[in-house]
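The following exercises concern salt bridges, burial, nonpolar cores and model confidence. Each task is followed by a solution in steps.

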Amino acid sequence: ESLRSAIFTGQLRPGDPLREMHLARDLQVSQTTVREALVQLEQVGLVVRTPNIGTQVTKLSPQELTERVELRMLLEEVAANQAAPTMTEEHFTELGRRLDALGDAIARNAYFEEAQADLHFHRYIWERSGNRTLYRTLDQLAIPLFAFVSILRGASRQTLKDVVASHEGIVTALRRGDPEIIREAFRQHFRSGFFVLGGVS
């Protein structure tokens, strides 16, 4: 929690090294505890651990961000088109609950919670596609992206109020089930993301 807070308040910036011995001393805990914390932070994409080199706060180059966004947009369209025909009212109720959780995090301008709720929302659509390989691929692709974007938003203290609207468009498109409408909803979603982050989302 201390490390996560330091990342989201900008005390630790993208690319900063995280040295276990120094952190253990500063936080007055064992190196084992620090190591376990770094593993957990790695699992949510907040840090990157490189064998024989060390750990640093997640940092993606502009090219890496662009590549991940472009690939995610293509794959998420596929997942949504596979999911739409299978979704019942029960599924849309669950998606609505996840959208409400996202809206709550946005209202509180809670960066980490917003990123997790956002990922939770999208994961449900990937899951409903029934394509396990696609789900795993999107998960591996998107987690570092969600984390890094969240770090940047937190560091710049951005207001998140404009984020939720494009998610509502996705729900509407899934209800319609038309591939063209779904495609446009996701394009609008990603355009909104780029705008909210000033070109990086």
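Relative accessible area sorts residues into three classes: buried means under 20%, exposed over 50%, and partly exposed in between (1.4 Å probe, protein chains only). The model is predicted, and local features need pLDDT of at least 70, side-chain atom pairs count only at pLDDT 80 or more, while totals for chains, interfaces and linings use all residues. Residues are numbered from 1 along each chain as its sequence is written, and side-chain values use heavy atoms, with hydrogens and water left out.

**Exercise 1. Establish what E77 and R183 join, and classify the burial of each residue.**

Step 1. Apply the criterion for a salt bridge: a side-chain nitrogen of Lys or Arg within 4 Å of a carboxyl oxygen of Asp or Glu. E77 and R183 satisfy it, with their closest N and O atoms 3.1 Å apart.

Step 2. Locate the partners, taking helices (H or I, at least four residues) and strands (E, at least two) as DSSP runs numbered from the N terminus. E77 belongs to helix α4 and R183 to helix α9 (residues 179-196), so the salt bridge ties together parts that are 106 residues apart in sequence.

Step 3. Classify the two residues. E77 is buried, at a relative accessible area of 11%, whereas R183 is partly exposed, at 23%.

Step 4. Examine R183 further. Its side chain also meets that of E180 in a salt bridge of 2.6 Å, N to O. E180 and R183 are 3 residues apart in helix α9, about one helical turn, and E180 is exposed, with a relative accessible area of 52%.

**Exercise 2. Describe the salt bridge between R72 and E76, and place it among the salt bridges of the structure.**

Step 1. The side chains of R72 and E76 meet at 2.9 Å, N to O. Both residues lie in helix α4 (residues 62-83), 4 residues apart, about one turn of the helix.

Step 2. R72 and E76 are both buried. W126 touches R72 and E76, and its contacts (heavy atoms within 4.5 Å) also include A79, Y135 and D139.

Step 3. The structure holds 13 salt bridges. A network of salt bridges links E20, R35, E42 and R49.

**Exercise 3. Characterise the surroundings of T58.**

Step 1. T58 is placed in the loop between β3 (54-57) and α4. T58 is buried, with a relative accessible area of 2%.

Step 2. The T58 side chain reaches the backbone oxygen of G45 at 2.6 Å. Beyond neighbours within four places in sequence, T58 is in contact with several residues, including P14, V47, P144 and F148.

**Exercise 4. Which residues touch the most other members of the largest nonpolar core?**

Step 1. A nonpolar core is a set of buried Ala, Val, Leu, Ile, Met, Phe, Trp, Tyr and Cys residues joined through side-chain atoms within 4.5 Å. The largest such core has 35 residues, of which L95, F121, I125, W126 and L174 touch the most other members.

Step 2. Helices α4, α5 (89-107), α6 (111-128), α7 (132-156), α8 (165-176) and α9 each supply at least two residues of this core. The largest share, 8 residues, comes from α7.

Step 3. Apart from this core lies another, of 18 residues, among them L3, A24, L46 and V57.

**Exercise 5. Which elements have the lowest and the highest mean pLDDT?**

Step 1. pLDDT is the predictor's confidence in each residue, from 0 to 100. The protein has a mean pLDDT of 87, and 91% of its residues reach 70 or more.

Step 2. Among the elements, α9 has the lowest mean pLDDT (81) and strand β1 (residues 17-18) the highest (96). Over residues 195-201 the pLDDT is below 50.

Step 3. Where pLDDT is low, the predicted coordinates should not be read in detail.

Note on methods
Polar contact = N/O pair within 3.5 Å; in protein donor to acceptor, adjacent residues only side chain to side chain.
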